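Me: I am new to this protein, and I would like to learn how to read its features one at a time. Could you walk me through it?

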Amino acid sequence: MSSIEVNGRRYRRPEQKTAVFCLDGVDPRYIDDAFERNLVPRLRELTEQGADIRGRSQLPSFTNPNNLSIVTGAPPSVHGVPGNHYLAPSGDEVQLTDPAVLRAPTIHAVFEEEEVSVLAVTTKDKLRRLLGSGHVPCVSAEKAGELHMAAIGPIARLVSRPVPSIYDWEISHYALELGLALAEPLEVELLYVSLTDFVQHSAAPGEELSDAYLRRLDNLVGRYLDTGWRLGLVADHGMNAKPEIRFLGDALAEGGVGSARVVLPITDPYVAHHAALGSACWVHVDEAELEQARDALAAVTGVEEVLTKEQAASSLSLPADRIGDLVVLADARTALGKTEAEHDLSALHGPLRSHGGRHEQEVPLLLSEPPAPFEGEVSNADIHWLLLGEAA
Ligand SMILES: [Zn+2]
C-alpha cells in the first residue's frame, strides 16, 4: 500500500511518526505576538525548518465543524457537521456529538483500516465519540480519570500529575502529555491531539494567562520534536473580544416575526467559555415570514450578513439540512444570542471573547517540515494533506 485515498485526496502512509495538534482558538495574533517577544523558541525553530502558513477555518468558525474538517480533510458539506449543536428533525435542539451524524470517514479511520496505528486525544470530551468514529482509539483529557484502554489499563496512570478540571488552564497541556505517553506503548504512527480554547476565551494575546499557556505549549512541542515527531499545528478558529451582544430572538419579536426560532450552533456544555454566544447563528422560520425575518435581522447593528439556507449551503459549503432557513453572521465585535432572558452572562469568566464568524476565520498552520506543494489559499482542512499529501 503506497498511499491511501480519503474523501477524494491521496495521503502517504507516515514514514515517520506524525502528529497534528488542533490549537483550539489560537488566533494567529497569539502566535505573532509570541514570536515577536521570543516567547516560544521551539515553535520558532519548528517553523524555521518547516513552514508558517496562514489559512482559513471553515465557516461558521466553531470547534466541532473545524475539528471534523481537520480530521476528514473536507468541508462541512462533506462531513455533515456545521456546528456544535443543531435543530434535529425531531424538533429538539441537540448536540452534534454522535458519530452517526458523520457523513464522511476520518483520515484516521481509513488509515486504521489499512493497519496504520492511529490515536486521537481530545481535551473536551464532547469530541471523543466523533473523533473515535470508525475504529479510531480516542480518549479525552476531561474524562481521563475514568477511561481505560485494553492495552494500557487506566490511562491516567501514564501521566504523573492529577487530571486537571476542564476549566484548568493546563488541561490542554495534559492532553498533549497524554498523547505523548500513550503513543509510545501503542506505537502510534499518526496522532491527533485537540486542545481547548478556555484560555483564549479568557485572555488576549500578551496577557499573563495566555503567555503561561504558550510557554507550556512550546515546552511540549519541544518534547515531541526531541522524540522524533513530525508535527503540524493548526487552529480550528481564531478569537476576538466581543463587547457587543445582540439578542436576535428579541429583535425578531420586535419585528413582529412570530414563527422564528434562533438556534446557536456554538452551544456546548462549556458555558463558562462563551455563555453560548458566538458570531454566527441559525434562524428557523416559516416560509411566509422569511422575508420579514430577513429584514428584521439585517437591521440589527453588528449583523453583517443574512444568508438564505441555499446561499449559505453553496457559498460556505454547509449541509443544507442541518442549518437554519437563514444564516446570520456578525462583525468582529458582536456576538449573537437568543433572547436576553435566555443567556446567563454571570457564567462567563471575565469579558466575552468568542468566535464563529468571518472575523475569526484566519488560522495559523505551522509545520515542522516543508509542506507538500500547494496552490492558492489553504484551509485548516488541508493540514494532513500538507504533511502527508501525495502530489498528483
Ligand atoms: Zn474551538
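Me: Let me start with a single residue. Is Asn38 buried or exposed?

Reply: Keep in mind as we go that this is a predicted model. A residue counts as exposed when its relative accessible area is over 50%. Asn38 has 65% relative accessibility, so Asn38 counts as exposed. You will find Asn38 in the loop between α1 and α2.

Me: What is the phi of Asn38?

Reply: The general idea comes before the case. Most residues other than glycine have a negative phi, and most peptide bonds are trans. Asn38 is not a glycine, yet its phi is positive, about 50°.

Me: Where does Glu115 lie, and what is its phi?

Reply: Glu115 is in the loop between α5 (107-113) and β7. Its phi is positive too, near 65°, and Glu115 is a residue other than glycine. Because its relative accessibility is 68%, Glu115 counts as exposed.

Me: You also mentioned peptide bonds. Which residues does a cis peptide bond join here?

Reply: Look at Leu59 and Pro60, which are joined by a cis peptide bond with an omega of about -5°. Pro60 sits in the loop between β4 (51-56) and α3 (63-72).

Me: Now for strands. How should I read the side chains of β18?

Reply: In a regular strand the side chains alternate between the two faces of the sheet. In β18, Leu326, Val328 and Ala330 point one way, while Val327 and Leu329 point the other way. All of these residues are buried. That agrees with the view of the whole strand: β18 covers residues 326-330, and five of its five residues are buried.

Me: Which strands pair with β18?

Reply: One is β16 (residues 280-284), which pairs with β18 in the antiparallel sense over four bridges. Another is β17 (residues 303-308), which runs antiparallel to β18 and is joined to it by five bridges. Leu329 is a good place to see both pairings: Leu329 is the bridge partner of Ala280 and also of Glu305.

Me: Can we take one residue of that strand and look around it? What is Val327 in contact with?

Reply: With neighbours within four places in sequence left aside, Val327 is in contact with Cys281, Trp282, Glu305, Val306, Leu307 and Ala312. Its relative accessible area is 1%, so Val327 is buried. For a sense of how the chain comes back on itself, try Lys309: Val327 and Lys309 are 18 residues apart in sequence, and their C-alpha atoms are 6.6 Å apart.

Me: And how would I read a residue in a helix, such as Leu186?

Reply: Ask the same things of it. Leu186 belongs to helix α7, and it is partly exposed because its relative accessible area is 22%. Leaving aside neighbours within four places in sequence, its contacts are Ser117, Leu119, Met149, Ala151 and Ile152. Leu186 and Ala151 are 35 residues apart along the chain, with 7.7 Å between their C-alpha atoms.

Me: How many residues does the largest nonpolar core have?

Reply: It has 49 residues, and Phe21 and Leu231 are those with the most contacts inside it. Several elements each supply at least two residues of this core, including β3 (18-22), α2 (41-49) and β12 (230-234). The largest share, eight residues, comes from α7. Apart from this core lies another, of 42 residues, with Val6, Val118, Val234 and Leu367 among them.

Me: Finally, the spaces. What lines the largest pocket?

Reply: The largest pocket has a volume of about 260 Å³. It is lined by 15 residues, and the closest to its centre are Glu177, Leu180, Ala181, Glu184 and Arg223. Helix α7 again appears, giving five residues, the largest share of this lining. By class, the lining has seven nonpolar, two polar and six charged residues.

Me: How many cavities of 30 Å³ or more are there?

Reply: The count comes to two. The second largest holds about 30 Å³ of space, and among the residues that line it are His108, Leu131 and Tyr192. Its lining has five nonpolar, two polar and no charged residues.

Notes:
Residues numbered from 1 in each chain as written. Predicted model: local features only at pLDDT ≥ 70, side-chain atom pairs only at ≥ 80, totals over all residues. Heavy atoms only, no water. Buried < 20%, exposed > 50% of the residue type's maximum accessible area, 1.4 Å probe, protein only. Pairing = 2+ DSSP bridges. Core = buried A, V, L, I, M, F, W, Y, C linked by side-chain atoms within 4.5 Å. 1 Å grid on protein atoms, 1.4 Å probe; cavity = no way out; pocket = protein on both sides within 12 Å on 5 of 7 lines; lining within 4 Å. Points joined across faces, edges and corners; volume = space filled by probe spheres on them. Nonpolar A, V, L, I, M, F, W, Y, C, P; charged D, E, K, R; others polar. Contact = heavy atoms within 4.5 Å.
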